[in-house]
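Trainee: Could we go through this structure together, slowly, so that I learn how to reason from it?

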Amino acid sequence: MKNKFLKTVIPFGIAFAMCSCNSEIEMVKNGTLQGYEQTTIGKAFESVLGNPKWTYFETNKGVRVVELKGLPGTETPVIGLYSEYCRNTSEVIIQFTLHTADDLFDIAYCEIGENNPVDCNILTYLAYNNSSTYQAYNCEPFGK
């Protein structure tokens, strides 16, 4: 009887956990930022990042975070250092913290490369004012 209970409850718990993670990610991706209501966060940031990946996690202090990681492209010259990117394959990381009591969230942290914080306002401006799509860096000169 105990094994039957565990076989039923554990998969349901895992499925529930997976669904709740997706709902937090979808809330951020489909949300808009104040002053930039013309498009969703997902469309804006994914247009300037290559290979975007969204994840959700909670910190050990209970802070709920949705994180977007992606590759900087040629349209990110303000924050993307070409030579550093080509040597280190740096990622852009944007973290959104979710408020506990409502469906609101903030952009809390941004970086390019490991432990290299950048101004989130620059990333936001770039994402929302870019009329092109992601273009990868051509790192050929560094391979010679």
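The questions below move from the whole chain to its sheet, a helix and the core, and the model they refer to is a predicted one.

Trainee: What pattern of helices and strands does the chain follow along the sequence?

Mentor: It helps to begin with the inventory, which comes to 5 helices and 4 strands for this chain. Placing these elements in the order in which the sequence reaches them gives the pattern α-α-β-β-α-β-β-α-α.

Trainee: Which strands stand at the edges of the sheet?

Mentor: The sheet is open and has 4 strands, paired in the antiparallel sense in the order β1-β2-β3-β4. An edge strand has a single partner strand, so one side of it is left without a neighbour in the sheet, and this holds for β1 (49–58) and β4 (105–112).

Trainee: How many bridges pair β1 with β2, and which residue of β2 is the bridge partner of Lys53?

Mentor: In general, strands of a sheet pair through backbone hydrogen bonds, either parallel or antiparallel. Here β1 and β2 (residues 64–72) pair in the antiparallel sense, and the number of bridges is 8. Further along the pair, Phe57 stands opposite Val65 in β2, while the bridge partner of Lys53 in β2 is Lys69.

Trainee: Which residue takes a positive phi in the hairpin of β1 and β2?

Mentor: The place to look is the connection, where the hairpin has 5 residues between the strands. With a phi near 85 degrees, the residue in question is Gly62.

Trainee: At about what angle does helix α4 run to β4?

Mentor: Helix α4 covers residues 120–128 and lies across two strands, β3 (92–98) and β4. Its buried residues, which include Leu123 and Ala127, pack against α2 (41–46) as well as against β3 and β4. Relative to β4, the helix runs at about 95 degrees.

Trainee: Why does Thr124 count as buried, and which residues is Thr124 in contact with beyond its neighbours within four places in sequence?

Mentor: Thr124 is found in helix α4, and Thr124 counts as buried because its relative accessibility is 7%, where the cut-off is under 20%. Leaving aside the neighbours within four places in sequence, its contacts are with Leu33, Tyr36, Phe45 and Ile107.

Trainee: Is Ser23 buried or partly exposed, and how far is Ser23 from Tyr56 in space?

Mentor: Ser23 has its place in helix α1 (residues 2–29), and its side chain makes a polar contact with the side chain of Glu24 at 3.3 Å. With a relative accessible area of 42%, Ser23 is partly exposed. Although 33 residues separate Ser23 and Tyr56 in sequence, their C-alpha to C-alpha distance in space is 9.5 Å.

Trainee: How many residues does the largest nonpolar core have?

Mentor: In soluble globular proteins, nonpolar side chains tend to be buried together. Phe45 is one of the residues with the most contacts inside the largest nonpolar core of this chain, and that core has 24 residues. The elements α1, α2, β1, β2, β3, β4 and α4 each supply at least two residues of this core. Leaving aside neighbours within four places in sequence, Phe45 is in contact with residues including Leu68, Ile94, Leu123 and Tyr128, and the core to which Phe45 belongs has the size you asked for, 24 residues.

Notes. Residues numbered from 1 in each chain as written. Predicted model: local features only at pLDDT ≥ 70, side-chain atom pairs only at ≥ 80, totals over all residues. Heavy atoms only, no water. Pairing = 2+ DSSP bridges. Contact = heavy atoms within 4.5 Å. Axes fitted to C-alpha atoms, helices over the stretch in contact; angles between N-to-C directions. Buried < 20%, exposed > 50% of the residue type's maximum accessible area, 1.4 Å probe, protein only. Polar contact = N/O pair within 3.5 Å; in protein donor to acceptor, adjacent residues only side chain to side chain. Core = buried A, V, L, I, M, F, W, Y, C linked by side-chain atoms within 4.5 Å.
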